[in-house]
Amino acid sequence: MEEIETTEPLPLPLPPAPGAEEYPALDLANSAIALPGGHHVDLLGTPAAAERWLVDRGLAPVDTGLAEMCAGLLRSLREQVRALLAAHVAGRPAPAAALTAVNNALTRAPAASLLHWDPARGLYREAAHPITQIVEHALAVLAASAADLLTGPDAERLTACGSTPCTRYLLRHGRRHWCSTRCGDRARAARAYARRTQT
């Protein structure tokens, strides 16, 4: 499988899956994209790509200077959120490791800057590490979004895209089970081909 890591928009337009604009966690889960032909695009594959993803969603300021460790935390939360979504869609119990990861992200976000003392400055408040604080806040927002999605009224609409090889999730509207028009067209073409080969 060829992996494409990019800081640029995808070469083919791939709109957000239904529900991704309401639930940032759904958008996070869908940031690893399987495309036809064995191609794979990871929108969080590099620190620069992960930073752009956060900036585009208002979860980090421009020029944050995201490091690989922070991008790795984001990718790790994505995998745990995907595990929770997959279990929910399949009607299986939530994986314990995924629950722990989401709960850790929810509780790690600093609520305020800490109080410090310096002989020259006196008392002052400052984040322990601004970049880490930005990332922890983003992780908490994404984890809260996952918890809201999985426990709220939209949970019953959550489904996986019905077009192979797509691995994205969406909120179903009516009978629609595809994350995009392109996936819907591909699924309909596959069904038509199957009908022709059977006759």
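**Note on the predicted model: cores, salt bridges and local features**

1. Leu74 touches Leu28, Leu44, Ala50, Trp53, Leu54, Leu139 and Leu142, when residues up to four places away in sequence are not counted. The model under discussion is a predicted one. Leu74 is also among the residues with the most contacts inside the largest nonpolar core, together with Trp53 and Val81. That core has 37 residues. Two or more of its residues come from each of H1, strand S2 (32–35), H2, H3, helix H4 (96–108), helix H5 (130–151) and S7. Another core, of seven residues, lies apart from it and includes Ala17, Cys161, Leu170 and Cys183. As general background, nonpolar side chains tend to be buried together in soluble globular proteins.

2. Pro24 belongs to helix H1, which covers residues 24–29. What does Pro24 contact, leaving aside its neighbours within four places in sequence? The contacts are Trp53, Leu142 and Ser145. Trp53 and Leu142 also appear in the list of residues touched by Leu74. Between Pro24 and Leu59 the C-alpha to C-alpha distance is 9.9 Å, with their positions 35 residues apart in sequence. Pro24 has a relative accessible area of 29%, so it is classed as partly exposed.

3. The structure holds seven salt bridges. One of them pairs Arg57 with Asp27, and the closest N and O atoms are 2.4 Å apart. This pair links distant parts of the chain: Asp27 is in helix H1, while Arg57 is in the loop between helix H2 (47–56) and helix H3 (68–90), 30 residues apart. Are the two partners buried or exposed, in whole or in part? Arg57 is partly exposed because its relative accessible area is 34%. Asp27 counts as buried, since its relative accessibility is 16%. In general, side chains of opposite charge can pair when their charged atoms come close.

4. A salt bridge also joins the side chains of Asp56 and Arg52, at 3.8 Å from N to O. How far apart along the helix are these two residues? Asp56 and Arg52 are four residues apart in helix H2, so about one helical turn separates them. The accessibility of the partners is as follows: Asp56 is exposed because its relative accessible area is 54%, and Arg52 counts as partly exposed because its relative accessibility is 36%.

5. Glu68 and Arg75 form a further salt bridge, in which the closest N and O atoms are 2.2 Å apart. Glu68 counts as partly exposed, because its relative accessibility is 41%. Arg75, at 17% relative accessibility, therefore counts as buried. Asp42, Arg78 and Glu79 are joined into one network by salt bridges that share partners.

6. His40 is part of strand S3, residues 39–42. Its side chain reaches the backbone oxygen of Ile33 at a distance of 3.4 Å. Is His40 buried or exposed? His40 counts as buried, because its relative accessibility is 16%.

7. On the surface, Leu115, Trp117 and Leu123 make a nonpolar patch of about 400 Å². Leu123 sits in strand S5, residues 122–126. Leu123 is exposed because its relative accessible area is 58%.

8. Two backbone features should be looked at in the model. The peptide bond joining Thr164 and Pro165 is cis, with omega about 5°. Pro165 is found in the loop between strand S6 (158–160) and strand S7 (169–171). The other feature concerns Asp63, a residue other than glycine with a positive phi, near 65°. Where is Asp63 placed? Asp63 is in the loop between H2 and H3. With a relative accessible area of 68%, Asp63 is therefore exposed.

Note on methods
Residues are numbered from 1 along each chain as its sequence is written. This is a predicted model: local features need pLDDT of at least 70, side-chain atom pairs count only at pLDDT 80 or more; totals for chains, interfaces and linings use all residues. Side-chain values use heavy atoms; hydrogens and water are left out. Buried means under 20% relative accessible area, exposed over 50%, partly exposed in between (1.4 Å probe, protein chains only). A polar contact is a pair of N or O atoms within 3.5 Å; within protein, one must be able to donate a hydrogen and the other to accept it, and residues adjacent in sequence count only if both atoms are side-chain atoms. Patches are made of residues with over 30% relative accessible area and no salt bridge: like charges are joined within 9 Å, nonpolar side chains (Val, Leu, Ile, Met, Phe, Trp, Tyr) within 5 Å. Accessible areas come from the Shrake-Rupley method with a 1.4 Å probe; for residues, only the protein chains shown count as cover. A salt bridge is a side-chain nitrogen of Lys or Arg within 4 Å of a carboxyl oxygen of Asp or Glu. Contact means heavy atoms within 4.5 Å. A nonpolar core is a set of buried Ala, Val, Leu, Ile, Met, Phe, Trp, Tyr and Cys residues joined through side-chain atoms within 4.5 Å.
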